Amino acid sequence: MSRIAYVAGQYLSHRQAAVHIEDRGFQFADGVYEVIAVNGGRLVDEAPHLTRLHRSLAELRIAPPIGDAALKIVIREIVRRNGVNTGIVYLQITRGAAPREHAFPKAAKPTLVVTARRSRPPDPRLGRDGIAIITIPDIRWQRCDIKSVALVANVLGKQAAREKGAYEAWQVDRAGQVTEGTSTNAWIVTGDGTVVTRAADTAILNGVTRLAILAIIRREGYRLIERAFTVDEAKAAREAFLTSATAELLPVVRIDDSPVGEGRPGPLGQKLRAAYVAHAASTG
Ligand code: PDD
């Protein structure tokens, strides 16, 4: 079955679907995106994803090409046409196509692309055994709160992780504090059982999964502090984990060459993971 994309008003097979060579997403990474998980045919946390999309668009002063009611119809239609029961929706909006000139074009129409694909949830072995991560300098710009398609630093970071046999790379700012992974948020559990994750400042993307986990932590009454932490603190932590729409929650058992805690997934991360999986199976 050929995959179907929604491109600037039309449903087309991927073979036919195309954007203009002078699209500003292609030339300047002048655009934003969202990745929404599809779980049992339902869209996980669609509303907060659309809220964040609007925030990113507003920060870049890109007008939404269609209203939310229409966008929700397109998203559902793309999920249906691609037969996605478990997988993801990818949604991208750029400032549009115009002769190349850095300043905003006067009359460009924003380009909207929506695709969906089937994919499995993360391998259960990763949840059971945990994953290794490396640490790298954070070389990104200072507005990582905007979900911009300018991801080349993240691409290089993820590749560095892959080449070291690690799942993810945690990026570290100039003060030695962890910001986030290349496509995930970073968390630790300290010796006294407090969950610590960086506050949603401009150095990180405020993950929708992060927000769901924060809500679970508050509901369950676990201790929580939103603050930055160093690599040394993470290496000495009792537990560590990462979160994203596609990774859900994965325990981190090795940071560079240091085991975290006992080198096995810790109990609090496992509880949060189970609670998140239940959340993802019931919201939409
Ligand atoms: N990545 N931080 C960064 C830099 C991200 O790219 C992502 C998401 C997250 C987690 O956000 P959320 O919980 O809303 O998925 C944090 C998506 C999945 C991606 O680029 O594929």
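## A tour from the ligand to two helix pairs

Start by selecting Arg 52 and the ligand: a polar side-chain atom of Arg 52 sits 2.9 Å from an oxygen atom of the ligand. Keep in mind as you click around that this is a predicted model.

**Stop 1: around the ligand**

Now widen the selection to the ligand's surroundings, where you will find 20 residues. Which of them come nearest? Tyr 33, Glu 180, Val 208, Thr 209 and Ala 245 do.

Pick Thr 209 from that group. An N or O atom in the Thr 209 side chain is 2.6 Å from an oxygen atom of the ligand. Next, show the backbone of Ala 245, because the contact here does not involve a side-chain atom: a polar backbone atom of Ala 245 is 2.8 Å from an oxygen atom of the ligand.

**Stop 2: helix 6 and helix 8**

Stay with Thr 209 and display helix 6, residues 208–220, together with helix 8, residues 267–280. Their axes come within 10 Å and cross at roughly 115°, which means that helix 6 is roughly perpendicular to helix 8. The crossing is right-handed.

To see what touches, turn on side chains in both helices. From helix 6, select Thr 209, Ala 212, Ile 213, Ile 216, Ile 217 and Arg 219. From helix 8, add Leu 272, Ala 275, Tyr 276 and His 279. Colour this contact by residue class and you get 7 nonpolar, 2 polar and 1 charged residues.

**Stop 3: helix 2 and helix 3**

For the last stop, move to helix 2, residues 46–60, and helix 3, residues 68–81. How do these two helices cross? Their axes come within 12 Å, at an angle of roughly 125°, so helix 2 is oblique to helix 3. Helix 2 passes helix 3 in a right-handed crossing.

Select Glu 46, Leu 50, Leu 53 and His 54 on the helix 2 side. They meet Asp 68, Leu 71, Lys 72, Ile 75 and Arg 76 of helix 3. Colouring by class here gives 4 nonpolar, 1 polar and 4 charged residues.

Notes: Residues numbered from 1 in each chain as written. Predicted model: local features only at pLDDT ≥ 70, side-chain atom pairs only at ≥ 80, totals over all residues. Heavy atoms only, no water. Axes fitted to C-alpha atoms, helices over the stretch in contact; angles between N-to-C directions. Helix = DSSP H or I, 4+ residues; strand = E, 2+ residues; numbered from the N terminus. Parallel < 35°, antiparallel > 145°, perpendicular 65-115°, else oblique. Left-handed = near helix turned anticlockwise from the far one by under 90°. Contact = heavy atoms within 4.5 Å. Nonpolar A, V, L, I, M, F, W, Y, C, P; charged D, E, K, R; others polar. Near = heavy atom within 4 Å. Polar contact = N/O pair within 3.5 Å; in protein donor to acceptor, adjacent residues only side chain to side chain.
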